[in-house]
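Dear colleague,

Please find below the structure that I am handing over to you. My notes on it follow directly after.

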Amino acid sequence: VTLNQSLSSKMKQWWYLVKFDFKGIIKAVPFIAITLCGLIILLANAGNIGSMYGTTTFPVTYMIMDVITGSFMLFIIIIITFYSGELLWKEINSRLAPIIDSTPLSNHLILSAKFVSLLLVELFLLFLLMLTGMLMQTMKGFYDYQIAIYVKSLLLNTFPYLVLITLLTFLIHALVNNKFLGHVIVIIFWLGNLVLASYDIDHNM
């Protein structure tokens, strides 16, 4: 038996790993619970939208975007923090590392598949955010959704930020080489950000 190690074959296997990890995350109970919790909180706060300084306003898209991205960002960061470690240590925890190592894919391709699968999860969450925002506008009797603003804001502003966060989290786990210590360092990083923010000390991350 001759193994097919052509580029196209490797890319098919790579894409299979991407889809496998993506489906594994979005079907996982912790992911569903965290996501539903975030979305329920957003919808519960929908009643506060449409009022500014005691004046009734229309729930226009840019206003909705400020609410959904600000309120839901914590839940996305929790998902990135948790599943970055889970993805990187999944094979070791399930004792499948020797099987994965025997595949023709290099470690770099396997790692990139995990990274891309988590980015797809983030895009999935942003899509849910857009639908939730439109639902909130509908609940207020406002139907001028301005989908282009949703897409532009979520893909060009929010998503690049999430990519950087994911890259940083993966890098921390790769350097530390310990799942739980990696989680601790990432959590300390975000707690440090909250402390700095409380003193009005901000940076690009």
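I begin with a single residue: Val-184 is partly exposed, with a relative accessibility of 42%. That value places Val-184 between the two limits, because a residue is called buried under 20% relative accessible area and exposed over 50%. Val-184 belongs to helix α7, which covers residues 179-198. In sequence, Val-184 is 103 residues away from Thr-81, yet their C-alpha atoms are 9.8 Å apart in space. Please bear in mind throughout that this is a predicted model.

Overall organisation

The protein chain contains 7 helices and 2 strands. Along the sequence these elements follow the order α-α-β-β-α-α-α-α-α. Of the 205 residues in the protein chain, 38% are buried. When contacts between residues at least 6 apart in sequence are considered, 79% of them join residues at least 24 apart. The protein chain has an accessible surface of about 12100 Å², and carbon and sulfur atoms account for 70% of that surface.

The two helices at the start of the pattern

Helix α1 comprises residues 7-26, a run of 20 residues. From the first C-alpha to the last, helix α1 reaches 29 Å, which is close to the 28 Å expected at 1.5 Å a residue. The buried residues in α1 include Trp-14, Leu-17, Val-18, Phe-22 and Ile-25. Ser-9 and Asp-21 of α1 are buried as well.

Helix α2 takes in residues 29-44. Its 16 residues should span 22 Å at 1.5 Å a residue, and the end C-alpha atoms are indeed 22 Å apart, so the two values agree. Which residues of α2 are buried? They are Phe-31, Ile-34, Thr-35, Gly-38, Leu-39 and Leu-42. These residues lie on the same side of α2, because they cover an arc of only 125° around the axis. Val-29, Ile-40 and Ala-44, by contrast, are exposed on the other side of α2.

Helix α3 and a link to a distant part of the sequence

Met-63 is part of helix α3, which runs over residues 61-93. With a relative accessibility of 13%, Met-63 counts as buried, because the limit for that class is under 20%. Met-63 and Gly-133 are separated by 70 residues in sequence, while the distance between their C-alpha atoms is 9.8 Å.

Helix α6: a buried residue and a nonpolar patch

Thr-158 is located in helix α6. Its relative accessible area is 9%, and Thr-158 is therefore buried. Apart from neighbours within four places in sequence, Thr-158 is in contact with Thr-69, Met-73, Leu-126 and Ser-153.

Is Ile-147, also a residue of helix α6, buried or partly exposed? Ile-147 is partly exposed, as its relative accessible area is 43%. Ile-147 contributes to a nonpolar surface patch of about 410 Å², together with Leu-123, Val-151, Leu-155 and Leu-156. Helix α6, residues 147-176, provides the largest share of this patch, with 4 residues.

In summary, helix α6 holds both the buried Thr-158 and the largest share of the nonpolar patch, whereas the buried residues of α2 are gathered on one side of that helix.

With kind regards

Conventions: Residues are numbered from 1 along each chain as its sequence is written. This is a predicted model: local features need pLDDT of at least 70, side-chain atom pairs count only at pLDDT 80 or more; totals for chains, interfaces and linings use all residues. Side-chain values use heavy atoms; hydrogens and water are left out. Buried means under 20% relative accessible area, exposed over 50%, partly exposed in between (1.4 Å probe, protein chains only). Contact means heavy atoms within 4.5 Å. Accessible areas come from the Shrake-Rupley method with a 1.4 Å probe; for residues, only the protein chains shown count as cover. Patches are made of residues with over 30% relative accessible area and no salt bridge: like charges are joined within 9 Å, nonpolar side chains (Val, Leu, Ile, Met, Phe, Trp, Tyr) within 5 Å. A salt bridge is a side-chain nitrogen of Lys or Arg within 4 Å of a carboxyl oxygen of Asp or Glu. The expected span of a helix is 1.5 Å times one less than its number of residues. The arc is that of the directions from the helix axis to the C-beta atoms.
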